[in-house]
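Trainee: Could we go through this one together, a question at a time?
Mentor: Gladly, let's have a look.

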Number of protein chains: 2
Amino acid sequence: MKRVTFFVSDGTGLTAEALGRSLLSQFGHIDFEQITIPYINTKEDARTVVKRINKVAEESGLRPIVFNTIVNEEVREVVTQCKGFTVDIFDTFIKPLEKEFNADSSYSVGKSHAITDHSVYNVRLSAIDFALDNDDGARTRHYDKADIILIGVSRSGKTPTSLYLALQFGIRAANYPLTEDDLDENHLPRVLKEYKNKLFGLTIDSARLASIRTERMSNSRYASFSQCEAEVRGAEAIFNKERVPYLNTTDISIEEISTRILATSGIERRLQS
Amino acid sequence: MKRVTFFVSDGTGLTAEALGRSLLSQFGHIDFEQITIPYINTKEDARTVVKRINKVAEESGLRPIVFNTIVNEEVREVVTQCKGFTVDIFDTFIKPLEKEFNADSSYSVGKSHAITDHSVYNVRLSAIDFALDNDDGARTRHYDKADIILIGVSRSGKTPTSLYLALQFGIRAANYPLTEDDLDENHLPRVLKEYKNKLFGLTIDSARLASIRTERMSNSRYASFSQCEAEVRGAEAIFNKERVPYLNTTDISIEEISTRILATSGIERRLQS
């Protein structure tokens, strides 16, 4: 039987989800059904949410867990009166912060994801453009403008990571696939040599790589375990020989790959939000 | 004078940041310096953090704000003893949840961003591949497999939004730029007609569009205000005439565009995390 969890927000619900999920992940043996309800801005909206929560409570006989990030006090209090177990994020933290800052909070709705400064969007956009223009080794002439260049075999996680680095941190990440020729020669491709201090390697377990490649091109040499194993071994040999820092992406998420790259390489974010 | 804020985590720090920023955004008149310290897993790590926080406290004469999402109690308590104002996320919420679930939490480190199930990564990866393969109207033959097709003039926010939808929600978003020819004819391009129920329009204020286009190609007709204004007017006319739901992206973030599209269109996420 699944325990139902609601993420209720006056904005996107992304904060409620992020916090709620990291709390729930501490209870790995419980099976949760997760429902996000964004843009709850009026008491009427809130009453509809309460009905939905109460219906689940009655039908399941278990209190739903409700992560509530609504800022407006009147709207929030309507939700608090539901028959769920409410985790009230603003009530718990906003008031102590007001005291600490000796200032009233704005209680503005959804402000954290509103653009107050277009320069933030510009930084993200230009990082995304950079990642797309410099994906998959298609072009290398802009590498002098890259913050980082991800290298690794095909499907080791380079493209998702470069896009995440762009979207989340505004970082300009190029990526370059190590081909069989590169691997056979057991050294860095010439074009990468002058950017050696920007290189970061991604590697992956051979079996997992074969499974990912099979999704794209089943029953091919490209997706065979032996081919994957040879390429991975070759890539790691180059990383070790050339002292390129690298990370195994097999069991970690794109978020985790990205933040570990930042922590290891020391490159600075261009965005704080 | 900036008020210094630390996001201290045993994992990526993304949860601490997301929560912390939405709380801080309620104090818009205060200028914050934000510092993320991820991967604090030992008491020794924590003591180094405490020294850094205390140094800021002494030099600035103001208590830094410390958002703490460390799960391990011993490590967390070291950080709590700093001279900052600590917002202790797990201590506040984990214990009541243990009581509610009548179960101990796993206190596992960084679990929320670890991959426990590769199928999640597969869904994200295939959504990213889809967004890249179907970016900018380059190909339209896979539109039957799209969850949504974003349309709008060049630089109205389609590409960043389609990538965010893929990364965050596993949604397969194609995007198609409305060209001058489309706009002159004042109707949907033929290729889009059979997918009308998948279309979602993005629009943007002309002045903002001109500014974005100028970044890419300054002093061009493409970036001129009059051209931007004509294109935007043409696109909105098509959205209205063909009853395509649409959104003005000028002052909202990519997160907000994406979640509003979900809320408006009713399309289902393929990912819950």
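Trainee: Which residue does Ile151(B) stand opposite in β6(B)?
Mentor: This is a predicted model, so please keep that in mind throughout. Strand β5 of chain B, residues 148-152, pairs with β6(B) in the parallel sense over five bridges. Within β6(B), the residue opposite Ile151(B) is Tyr176(B).

Trainee: And which strands are at the edges of that sheet, each pairing on one side only?
Mentor: The sheet is open and has four strands in parallel pairing, in the order β6-β5-β7-β8 of chain B. Its neighbouring strands are turned by 25° against each other on average, direction ignored. The strands that pair on one side only are β6 (173-177) and β8 (246-248) of chain B.

Trainee: At about what angle to β6(B) does α6(B) run?
Mentor: Helix α6(B) lies across three strands of chain B, namely β5, β6 and β7 (199-203). Taking N-to-C directions, the angle between α6(B) and β6(B) is about 175°.

Trainee: What span should α6(B) have, and how far apart are its end C-alpha atoms?
Mentor: The helix has 12 residues, 158-169, and the expected span is 1.5 Å times one less than the number of residues. That gives an expected 16 Å. The end C-alpha atoms agree with this, being apart by 16 Å.

Trainee: How many residues of α6(B) are buried?
Mentor: A residue is buried here if 20 or more other C-beta atoms lie within 10 Å of its own. The residues of α6(B) that pass include Lys158(B), Tyr164(B) and Gln168(B). The helix is largely enclosed by the rest of the structure, because the buried count is 12 of the 12.

Trainee: Which residue follows α6(B), with a positive phi?
Mentor: Look just past the end of the helix, where phi is near 70°. The residue there is Gly170(B).

Trainee: Now the other sheet of chain B: what is the order of its four strands β1 to β4?
Mentor: Begin with β1 (residues 3-8), which is joined to β2(B) by six bridges and runs parallel to it. One of the partnerships there is Arg3(B) with Phe32(B). The sheet is open, its pairing is parallel, and its order is β2-β1-β3-β4.

Trainee: Which helix packs on this sheet, touching β1, β2 and β3 of chain B?
Mentor: The helix covers residues 43-60, and its direction makes about 170° with that of β1(B). The helix is α2 of chain B.

Trainee: Let's turn to the contact between the chains. Which element gives the most to the side of chain B that touches chain A?
Mentor: The contact takes 57 residues from chain B and 57 residues from chain A. Elements of chain B that each supply at least two residues include α1 (14-24), β4 (85-88) and α4 (89-101). The top contributor, with seven residues, is α1(B).

Trainee: Which residues of chain B does Phe93(A) contact?
Mentor: Phe93(A) sits in helix α4 of chain A, residues 89-101. Phe93(A) counts as buried because 20 other C-beta atoms lie within 10 Å. Leaving aside neighbours within four places in sequence, Phe93(A) is in contact with Leu23(B) and Val87(B).

Trainee: Last one: how far apart are the C-alpha centres of the two domains of chain A?
Mentor: The domain assignment places domain 1 at 3-113 and domain 2 at 118-265. Between their C-alpha centres, the distance is 38 Å.

Definitions and conventions: Residues numbered from 1 in each chain as written. Chains lettered and ligands numbered in written order. Predicted model: local features only at pLDDT ≥ 70, side-chain atom pairs only at ≥ 80, totals over all residues. Contact = placed C-beta atoms within 7 Å. Domains from an automatic or database assignment. Pairing = 2+ DSSP bridges. Axes fitted to C-alpha atoms, helices over the stretch in contact; angles between N-to-C directions.
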